[in-house]
Structures are given as structure tokens and as C-alpha cells.
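Me: Got a minute to go through this one with me? I'd like to take it a few residues at a time.

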Amino acid sequence: MTYLTPISAATVNLAATTSSSRVALPTFDEGARTSIVYNAGSGDVFIEFGDSTVTASTTADMPIPAGIPIAFDRGGASHVAAIYGSGAGTVYFTPAGTHGI
């Protein structure tokens with residue numbers, strides 16, 4: 001069984017709107033490639049992981065529903081971008097390590 005361990009005091013947030021914006025993700029060792037994404041807004045937000053030029057799109061990227069935390073393997077991404085189809089809100093990205101029992 002594998003479980004996630006959030007890394008305390010390492011969460012970054014992004015005030016997202018209907019224009020794509022990005023934020024740098026914290027860097028950790030290979031064991032912390034997971035990001036737990038939480039959409040605190042009232043509508044769906046769309047995210048894309050990538051480098052310092054990454055942008056998000058409402059037509060091609062991963063939708064995150066409001067109020068639902070979802071874990072992603074961010075791979076080698078250094079940044080994440082987010083955009084709302086309408087409205088605005090805060091999106092939180094918490095790094096986590098995976099551990100097996």
C-alpha cells in the first residue's frame with residue numbers, strides 16, 4: 001500500500017482568474033514528485049504542469065472541481081499554471097512524498 005505524506009509549510013497558492021497565470025512549485029528530492037491540488041474557488045479550474053513558460057487552457061487542460069483535493073505526479077515540472085472558465089479563486093498546491101507500507 002502506498003500513501004501520501006504532505007510536506008508541511010511548503011504549500012504554494014495561486015490567485016487564478018480567467019487569464020492563465022503560473023506559480024513556481026517548491027523543489028524537493030525525487031520522493032516528493034506529487035502535488036496535492038485543492039481548488040478553493042467556486043467553479044472548475046484548469047491546470048497544466050510545465051516549465052517557467054507553462055500556460056493553462058480551459059479547452060485542453062485538466063479540470064479540477066471546486067472543493068475536491070486531487071493528487072498528481074508532477075514529473076519534472078517546475079511550475080504550474082491555472083485558469084478559470086469564469087470567475088476567480090485560489091488554488092493550493094501542496095507537495096507530498098509517497099511512502100509504502
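**Thr94 and its surroundings**

Reply: Sure, starting with Thr94: this residue is buried, with a relative accessible area of 16%. Keep in mind that this is a predicted model.

Me: Why does Thr94 count as buried?

Reply: Because buried means under 20% relative accessible area, and Thr94 has 16%.

Me: OK, and where does Thr94 lie?

Reply: Thr94 lies in strand S9, which covers residues 89-100.

Me: Which side chain does Thr94 have a polar contact with?

Reply: That's Thr11, with a polar contact of 2.7 Å between the two side chains. Thr94 also touches residues further off in sequence, including Pro6, Ile7 and Ile36.

Me: Switching topic: which residues in the largest nonpolar core touch the most other members?

Reply: The core has 17 residues, and the ones touching the most other members are Val37, Val45, Ile47, Phe49, Val80, Val91 and Phe93. At least two residues of this core come from each of strands S2, S5, S8 and S9.

Me: What does Phe49 touch?

Reply: Among its contacts are Leu25, Val37, Phe72 and Val80.

Me: Now Asp44. Buried, partly exposed or exposed?

Reply: Asp44 is partly exposed, at 43% relative accessible area. You'll find Asp44 in the loop between strands S4 and S5.

Me: How far apart are Asp44 and Phe93?

Reply: They're 49 residues apart in sequence and 15 Å apart in space, going C-alpha to C-alpha. As for what Asp44 touches, the list includes Asn39, Pro65 and Tyr84.

Notes. Residues numbered from 1 in each chain as written. Predicted model: local features only at pLDDT ≥ 70, side-chain atom pairs only at ≥ 80, totals over all residues. Heavy atoms only, no water. Helix = DSSP H or I, 4+ residues; strand = E, 2+ residues; numbered from the N terminus. Buried < 20%, exposed > 50% of the residue type's maximum accessible area, 1.4 Å probe, protein only. Polar contact = N/O pair within 3.5 Å; in protein donor to acceptor, adjacent residues only side chain to side chain. Contact = heavy atoms within 4.5 Å. Core = buried A, V, L, I, M, F, W, Y, C linked by side-chain atoms within 4.5 Å. Lists of a residue's contacts leave out its neighbours within four places in sequence.
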